[in-house]
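Visitor: I would like to go through this model with you, one question at a time, and hear the reasoning behind each reply.

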Amino acid sequence: FDYDELRGAQAQRPIKAALTDQEILGLVFAIEKRSKPWSNVIKFLAHYGLREWEINHLQVQRNPRGQLQLRCLQGKTYTVKGHKRKNPPRWLLPIPLQGADWDLVSGFTELLMPVGIDGSRMEITGAAVGKMLRRLPEWKELVARKERQAEWLKPYAFRDSYSVRATALGLHDNVISPAMGHSPEVH
């Protein structure tokens with residue numbers, strides 16, 4: 001009975017920050033000067049609204065209309081009433097940034113991706129992306145700017161920004177949510 005009183009009021013959750021197209025392009029440009037493979041990772045996160053780890057499960061396939069399209073072969077695992085479930089593979093929907101002309105499909109197999117110490121392709125995780133970003137002065141500057149606006153900037157903001165761009169384009173939740181790998185209710 002005393003728990004709530006002793007704990008006190010819960011802190012208000014900060015507002016999640018979304019990045020503008022220009023902020024993302026600025027980051028990509030800054031990263032590209034240092035590491036082309038890591039800039040490709042950020043391009044995928046921003047262009048397709050991916051969770052960081054999903055980059056490890058991408059493949060170019062022919063969609064039902066016969067066109068080459070990027071597909072995420074691994075769905076997110078979640079639990080409902082104690083039972084684990086997994087989202088099915090999904091076709092990705094690009095939401096291009098203003099001023100970007102990235103072709104991430106036709107040259108997919110040639111795109112450089114980060115490599116580990118042993119020289120093999122690195123497993124991309126949220127922690128790895130966060131570590132890379134936190135080293136960048138440009139990222140630190142964006143974090144500080146968003147804090148001054150009472151917003152919380154984290155690497156997941158590339159996915160959130162994708163959702164904001166899709167909504168601004170007038171795409172319905174029934175289109176955006178399957179492309180992002182979740183239900184309209186979650187969206």
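Visitor: What percentage of the contacts in the protein with a separation of 6 or more comes from residues 24 or more positions apart?

Guide: This is a predicted model, and every value I give is computed from it. The protein has seven helices and seven strands, and its elements run α-β-α-α-β-β-β-β-β-α-α-β-α-α from the N terminus on. Among the contacts with a separation of 6 or more, the share that belongs to residues 24 or more positions apart is 61%.

Visitor: What share of the residues in the protein is buried?

Guide: The C-alpha trace spans about 60 × 40 × 40 Å along its principal axes. A residue counts as buried when its relative accessible area is under 20%, and of the 187 residues in the protein the buried ones make up 40%.

Visitor: Which helix gives the most to the largest nonpolar core?

Guide: That core has 38 residues, and those with the most contacts inside it are L19, I42, F44, L133, W139 and F158. At least two of its residues come from each of α2 (21-34), α3 (36-48), β3 (68-72), α4 (126-134), α5 (137-148) and α6 (157-168). With seven residues, the element that gives the most to this core is α3.

Visitor: With which residues is L133 in contact, leaving aside its neighbours within four places in sequence?

Guide: L133 is one of the residues with the most contacts inside the largest nonpolar core, and in α4 L133 is buried, as are A128, V129, G130 and M132. The buried residues of α4 pack against α2, α3, α5 and α6. Leaving aside neighbours within four places in sequence, the contacts of L133 are I31, I42, W139, P155 and F158.

Visitor: How many polar residues are in the lining of the second largest pocket?

Guide: About 160 Å³ of space lies in this pocket, and the residues that line the pocket are W38, M122, A128, K131, M132 and R135. The largest share of the lining, three residues, is supplied by α4. Sorted by class, the lining has four nonpolar residues and two charged ones, while the number of polar residues is none.

Visitor: Why is one side of β2 and of β6 left without a neighbour in the open sheet of three strands?

Guide: The open sheet has the order β2-β3-β6, with antiparallel pairing. Since β2 (58-62) and β6 (90-91) stand at its edges, one side of each is left without a neighbour in the sheet, and the reason is that each has a single partner strand.

Visitor: Which residue in β3 is the bridge partner of Q61?

Guide: The strands β2 and β3 pair in the antiparallel sense, and five bridges hold that pairing. Within β3, the bridge partner of Q61 is Q69.

Visitor: Which residue in the hairpin of β4 and β5 takes a positive phi?

Guide: Strand β4 (residues 77-80) runs antiparallel to strand β5 (residues 83-86), and four bridges join the two; T79, for instance, stands opposite K84 in β5. Two residues lie between the strands of this hairpin, and the residue with a positive phi near 50 degrees is K81.

Visitor: Is K81 buried or exposed?

Guide: K81 is not a glycine, although its phi is positive at about 50 degrees, and K81 lies in the loop between β4 and β5. The cut-off for an exposed residue is a relative accessible area over 50%; K81 has 80%, so K81 is exposed.

Visitor: In which loop is A150 found?

Guide: A150 is a residue other than glycine with a positive phi, near 60 degrees. The loop that holds A150 is the one between α5 and β7 (151-152).

Visitor: Is W102 buried or exposed?

Guide: W102 is found in the loop between β6 and α4. Not counting residues up to four places away in sequence, W102 touches L25, V28, K43, H47 and L97. Its relative accessibility is 15%, and because the limit for burial is under 20%, W102 counts as buried.

Visitor: What distance separates the C-alpha atoms of W102 and E141?

Guide: W102 and E141 are 39 residues apart along the chain. In space, the separation of their C-alpha atoms is 25 Å.

Terms used. Residues are numbered from 1 along each chain as its sequence is written. This is a predicted model: local features need pLDDT of at least 70, side-chain atom pairs count only at pLDDT 80 or more; totals for chains, interfaces and linings use all residues. Side-chain values use heavy atoms; hydrogens and water are left out. A nonpolar core is a set of buried Ala, Val, Leu, Ile, Met, Phe, Trp, Tyr and Cys residues joined through side-chain atoms within 4.5 Å. Buried means under 20% relative accessible area, exposed over 50%, partly exposed in between (1.4 Å probe, protein chains only). Contact means heavy atoms within 4.5 Å. Two strands pair if DSSP finds at least two bridges between them. On a 1 Å grid over the protein atoms alone, a cavity is a set of points where a 1.4 Å probe fits but cannot get out, and a pocket is an open set with protein on both sides within 12 Å along at least five of seven lines; lining residues have an atom within 4 Å of a point. Grid points are joined across faces, edges and corners, and a volume is the space filled by probe spheres set on the points. Ala, Val, Leu, Ile, Met, Phe, Trp, Tyr, Cys and Pro count as nonpolar, Asp, Glu, Lys and Arg as charged, and the others, Gly among them, as polar.
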